[in-house]
There are 2 protein chains.
Amino acid sequence: MVDIARLAGVSTSTVSRALSGSSLVNDETKKRVAELARSLNYTINIGAQNLRLSQNRTIAVVIPYDAANRQHVSDPFFLSMLGSLADAITDCGYDMLISRVDADRLDEAAQIYEGGRAIGIILIGQWQHHDQLNDLAVRRVPIVVWGAQLPQQYYCTVGSNNVEGGKLATEHLVSHGRSRIVFFGDRQLPEVSHRYAGYMQILENHHIPLREELYVSSAFTVESGKQALHQLLKSKIPFDAVFACSDLLAMTVISGLRTEGIHVPHDVAVVGYDDIELSQHFHPPLTTVKQSIDVAGRTLVEALVELMAGKAPSPLLLPTSLIVRSTSA
Amino acid sequence: MVDIARLAGVSTSTVSRALSGSSLVNDETKKRVAELARSLNYTINIGAQNLRLSQNRTIAVVIPYDAANRQHVSDPFFLSMLGSLADAITDCGYDMLISRVDADRLDEAAQIYEGGRAIGIILIGQWQHHDQLNDLAVRRVPIVVWGAQLPQQYYCTVGSNNVEGGKLATEHLVSHGRSRIVFFGDRQLPEVSHRYAGYMQILENHHIPLREELYVSSAFTVESGKQALHQLLKSKIPFDAVFACSDLLAMTVISGLRTEGIHVPHDVAVVGYDDIELSQHFHPPLTTVKQSIDVAGRTLVEALVELMAGKAPSPLLLPTSLIVRSTSA
DNA sequence: GTGAAAGCGCTAACAT
DNA sequence: ATGTTAGCGCTTTCAC
């Protein structure tokens, strides 16, 4: 900037004003400065500008990871969420910083905000870290979490209506005459526990006994899904349907069943969750509970913007819908 | 920082030194400062620190978008790349900024660097923007591009060996007795054109005539794939195999063929490209050319780090391998 | 319409 | 072992 000022024969103040389009500066000077800047490939230093203005246009997206398995992001739904957020954040004129933090040290996420790295945080992956998230909210860190709404919650969540999703899937299976429905997922996770609540409710409505042995715990990975299915088959517990907590898990289950000669949907009906793009191309095309990823991304950003504006957005529940295809008919 | 200094009864310099673990400061003072900082939830302001030290630990990942279709990131391979980069960048101790820029204004990417927003750029999506990328390199912007190595190239690329990939797929199909192999993709794109070159070469080796009508142009989207397949089927051109330029496209093709009563692999063999996670769970499990996403992410980051260190890393070609499953047997 | 000067939050000589 | 001072690149009062 000093260089431009020297070359243009004006002061840095004038250059600054010219570049920001201030009306106080002579049009001719403006033009001269603009040209000089272009020819020197000069761009304003955002860090310095931010410092001076005490401002910032960066939103951080935090993805916690388990220090134990240190597994990387691979679930298609999460990945799509990243894509959706990239678009939504860009569209709102913000920059997007991606940060992975140790799930046991979520408070580190606060430093991104408190250190001025970003003006707000979107966290994907609520897992079991309710208390840590509450701590963040109490510290007044502007944070919006993708996940389930829980009692005693001080932070803002955006998530799909998991109870409804659980009901939709279960009702559909029951209405097709299935009664031994395996619930496939990890109900320790808030979102999954809500889906399980929906599942239980529908069973109760239809006076179908809830069987603990039909609950199969599995994390959101292919590996975990394979193992869980293996256990289930080995146990010889009879079942005629599976409600899987993600499409990835549903596809894993269907593949596994197929290699055992069990036919989907004839022997076992399967319903997934998420409606990732590939689900419609799977064979058989997957019946699933749709969470709209586009809406999710936009809503998360909107909620965060509100929060940063000093308002207190209430937790948001996005509608889910059942997409009936061929794995359940 | 001023506050802490006042409360600790020392100067800001001492606080700064204490916080950075300088050996010049009394252990007792250090402890006092550290405690104060913790209790106030104080974190150093990275922006100011960067400004003062003229440093920066941020790497930008740029994803160009077509202003025309403004379609968002949705290809599973790209998305996985994002995940892989997030891990690789984090592991190297850098922050990751995601930025979408208009594909026709790639020079805007330079501002991310020149404006001090990031110290280096990884660009995913070379498309047809060879010249713009060269301009960036000439401007000495540290940039590494995921894509194909082209003649007259001044920027550094990392990409899989697309010629080899094309050969692998085609050789495999030919060796299974297929001779009317549809090439499914957009050969305007550098990476795809290399795959096409490999495809042509193998046909020539086997004295199989190259037929222009077996080239089917399709972008990397489901929609585009559906349409292209529709055109192909309508044209009644006979074919006994398809080499699709992404797994997503391959799955789209297989679904489309199935609804027409065409059996894969009996009537038509299909080979995809990428080996995304879902390919093994597809039915039938997809034969495909694997690009290792983990290696890709790490390699991109390594190349960029070298580049930033002032070295001139040569374009890198990652090996590909054929994963034979059931769509081609 | 333009310049001089102060300061955003931090660090590193240079004192002491 | 600690304080004083200057300055990273920018914007903005306040003068003129």
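1. Are A:D87 and B:R100 buried or exposed? Both of them are buried. Keep in mind as you look around that this is a predicted model. The two side chains meet in a salt bridge, with the closest N and O atoms 2.2 Å apart. A:D87 sits in helix α5 of chain A and B:R100 in strand β2 of chain B, so this pair joins two chains.

2. Now zoom out to the contact between the chains. On one side, 44 residues of chain A are in contact with 45 residues of chain B. The size of an interface is often given as the accessible area lost when the parts come together. For chain A and chain B, that buried area is about 4,300 Å², and carbon and sulfur atoms give 56% of it. On the chain A side, A:R117, A:L278 and A:H281 lose the most area to chain B, together making up 15% of what that side buries.

3. What else crosses the interface? The rule finds four salt bridges between chain A and chain B, plus 16 residue pairs in polar contact, both partners at pLDDT 80 or more. Several elements of chain A each bring at least two residues to the side that touches chain B, among them α4 (46-53), β2 (95-102) and α10 (222-235). It is α5(A) that gives the most, with seven residues. Sorted by class, that side of chain A has 16 nonpolar, 16 polar and twelve charged residues.

4. Have a look at the strands here too. β2(A) and strand β2 (residues 95-102) of chain B run antiparallel, joined by three bridges. If you want a spot to click on, A:I98 stands opposite B:M96 in β2(B).

5. Chain B also has an open sheet of six strands, in the order β7-β6-β8-β9-β10-β12, with mixed pairing. β7 (215-216) and β12 (321-323) of chain B are at the edges with a single partner strand each, so one side of each has no neighbour in the sheet. Strand β6 (residues 181-184) of chain B runs parallel to β7(B), and two bridges join them. There, B:F184 has B:V216 in β7(B) as its bridge partner.

6. While you're in chain B, find B:W146, which is in strand β4 (residues 143-146). B:W146 is buried, at a relative accessible area of 2%. B:W146 and B:L316 are 170 residues apart in sequence, yet their C-alpha atoms are 9.7 Å apart in space.

7. Over in chain A, A:T320 lies in the loop between β11 (316-318) and β12 (321-323). Is A:T320 buried or exposed? With 8% relative accessibility, A:T320 counts as buried. Its side chain makes a polar contact of 2.7 Å with the side chain of A:E164. Leaving out residues up to four places away in sequence, A:T320 touches eight listed neighbours' worth of chain A, including A:S160, A:Y273 and A:K290.8. Finally, salt bridges in the whole structure: a search finds 16 over all chains. In chain A, A:E191 pairs with A:R195 at 3.9 Å between the closest N and O atoms. A:E191 and A:R195 are four residues apart in helix α9 (residues 190-205) of chain A, so about one helical turn separates them. A:E191 and A:R195 are both buried. In chain B, B:D3 forms a salt bridge with B:R6, the closest N and O atoms being 2.9 Å apart. B:D3 is partly exposed at 43% relative accessible area, while B:R6 counts as exposed at 58%. Salt bridges with shared partners also join A:D275, A:K290 and A:R325 into one network.

Conventions:
Residues are numbered from 1 along each chain as its sequence is written. Chains are lettered from A and ligands numbered from 1 in the order in which they are written. This is a predicted model: local features need pLDDT of at least 70, side-chain atom pairs count only at pLDDT 80 or more; totals for chains, interfaces and linings use all residues. Side-chain values use heavy atoms; hydrogens and water are left out. Contact means heavy atoms within 4.5 Å. Buried area is the accessible area (1.4 Å probe) that two parts lose on being put together, summed over both. A polar contact is a pair of N or O atoms within 3.5 Å; within protein, one must be able to donate a hydrogen and the other to accept it, and residues adjacent in sequence count only if both atoms are side-chain atoms. Ala, Val, Leu, Ile, Met, Phe, Trp, Tyr, Cys and Pro count as nonpolar, Asp, Glu, Lys and Arg as charged, and the others, Gly among them, as polar. Two strands pair if DSSP finds at least two bridges between them. Buried means under 20% relative accessible area, exposed over 50%, partly exposed in between (1.4 Å probe, protein chains only).
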